Amino acid sequence: MSIRVSRETKSGYATYGIAGDENTGLHSSAADTISIMAGGSNILPPTTSGYRIPVWIPLAITGGASSSGVFASLANPFGATVQIVKAVLVISTQSSGASTLDIGVGANASTSNDGLFDGLSGATAGTYNNTNNGGTNGKAAQAWASTGYLNVAEASGNVDALVATLWVQVLVP
């Protein structure tokens with residue numbers, strides 16, 4: 001499969017279109033590798049240049065009365081160590097009482113880690129990212145081992161009624 005993005009200006013406004021072309025555009029291989037092609041040459045080879053296309057992974061989070069410790073978890077789906085380069089937590093429904101969350105990568109689905117968010121309040125709806133809201137131990141990036149788990153844990157208080165989505169952006173080898 002290949003596509004070409006074209007730009008055309010009409011009445012002073014730029015418009016973009018996608019057209020099929022075998023030599024120019026984005027190409028997807030059988031191994032799901034995406035290459036950017038120009039004249040039949042890969043201008044951004046993903047395996048030799050170090051460039052990677054970031055992938056966003058969502059994790060649905062729902063707190064309940066029995067939640068304590070790790071209450072939401074996701075095993076690394078890539079089969080290789082990847083780098084989490086950004087984490088965004090969207091709390092759509094705040095917890096019913098005071099609570100704090102620790103979010104990070106653990107060795108298993110029950111190990112709490114605060115490598116992305118440390119002590120973030122779950123009691124206020126809103127959008128938070130690990131760069132600005134990471135807390136004391138939250139890092140801008142964290143490695144996610146091939147056998148590791150992305151874990152969300154109740155650090156304190158009670159996460160009853162909490163509804164959120166954690167989005168992590170990873171660089172896949």
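This report walks through a predicted model of a single chain, from its overall make-up down to a handful of residues.

**The overall picture**

The chain has 14 strands and one helix. It runs to 173 residues, and 32% of them count as buried. If you look at contacts with a separation of 6 or more, 67% come from residues 24 or more positions apart. As for the outside, the accessible surface comes to about 9100 Å², and carbon and sulfur atoms hold 54% of that.

**The core**

Nonpolar side chains in soluble globular proteins tend to be buried together. Here, the largest nonpolar core has 26 residues. Inside that core, I61, L89, F117, L150, L166 and V168 have the most contacts. Two or more residues each come from strand 6 (54-62), strand 7 (69-75), strand 8 (82-93), strand 9 (99-106), strand 10 (117-121), strand 13 and strand 14 (163-171). Which strand gives the most? That's strand 8, with five residues.

L166 is a handy place to start clicking around. Setting aside residues up to four places away in sequence, L166 touches I57, P58, L59 and I61, plus A87, V88 and L89, and also I103, F117, L150 and V152.

**Two polar residues in strand 13**

Now for strand 13, which covers residues 149-157 and includes E154. What is the nearest side chain of opposite charge to E154, and how far away is it? K139, at 22 Å, so E154 has no salt bridge, because that would take a side-chain nitrogen of Lys or Arg within 4 Å of a carboxyl oxygen. E154 is nevertheless buried. Its side chain does have a partner, though: the backbone nitrogen of V159, reached at 3.0 Å.

N151 is in strand 13 too. Is N151 buried or exposed? Its relative accessible area is 0%, so N151 is buried. The N151 side chain makes a polar contact with the side chain of S73 at 2.6 Å, and also reaches the backbone oxygen of N108 at 2.9 Å. Leaving out residues up to four places away in sequence, N151 has a long list of neighbours: V70, A72 and S73, then D102, I103, G104 and G106, then N108, A109, S110 and T111.

**S99 and its surroundings**

S99 sits in strand 9. With a relative accessibility of 4%, S99 counts as buried, because the cut-off is under 20%. The S99 side chain makes a polar contact with the side chain of S95 at 2.9 Å. Beyond residues up to four places away in sequence, S99 touches L120, S121, G122 and A123, along with S156, G157, N158 and V159. V159 therefore turns up twice in this tour: as a contact of S99, and as the residue whose backbone nitrogen meets the side chain of E154.

**Residues with more solvent access**

G69 belongs to strand 7. At 32% relative accessible area, G69 is partly exposed. Apart from neighbours within four places in sequence, G69 is in contact with V152, A153 and E154, the last of these being the buried glutamate described above.

A107 is in the loop between strand 9 and strand 10. It has 64% relative accessibility and so counts as exposed, the threshold being over 50%. Once neighbours within four places in sequence are set aside, A107 is in contact with T147 and Y149.

**Some C-alpha pairs**

Here are C-alpha separations for three of the residues above, each with a partner well along the chain.

| Pair | Residues apart along the chain | C-alpha separation |
|---|---|---|
| S99 and G122 | 23 residues | 5.3 Å |
| G69 and S112 | 43 residues | 6.8 Å |
| A107 and T147 | 40 residues | 7.1 Å |

In the A107 and T147 case, the two residues are also in contact. G122, likewise, is among the residues that S99 touches.

**A backbone angle to look at**

Most residues other than glycine have a negative phi. What is the phi of A161 near? It is near 75°, a positive value in a residue that is not glycine. A161 is placed in the loop between strand 13 and strand 14. Its relative accessibility is 41%, so A161 counts as partly exposed.

Definitions and conventions
Residues numbered from 1 in each chain as written. Predicted model: local features only at pLDDT ≥ 70, side-chain atom pairs only at ≥ 80, totals over all residues. Heavy atoms only, no water. Helix = DSSP H or I, 4+ residues; strand = E, 2+ residues; numbered from the N terminus. Buried < 20%, exposed > 50% of the residue type's maximum accessible area, 1.4 Å probe, protein only. Lys, Arg positive; Asp, Glu negative; His and termini not counted. Polar contact = N/O pair within 3.5 Å; in protein donor to acceptor, adjacent residues only side chain to side chain. Contact = heavy atoms within 4.5 Å. Areas by Shrake-Rupley, 256 points an atom, 1.4 Å probe, with all protein chains shown as cover. Core = buried A, V, L, I, M, F, W, Y, C linked by side-chain atoms within 4.5 Å.
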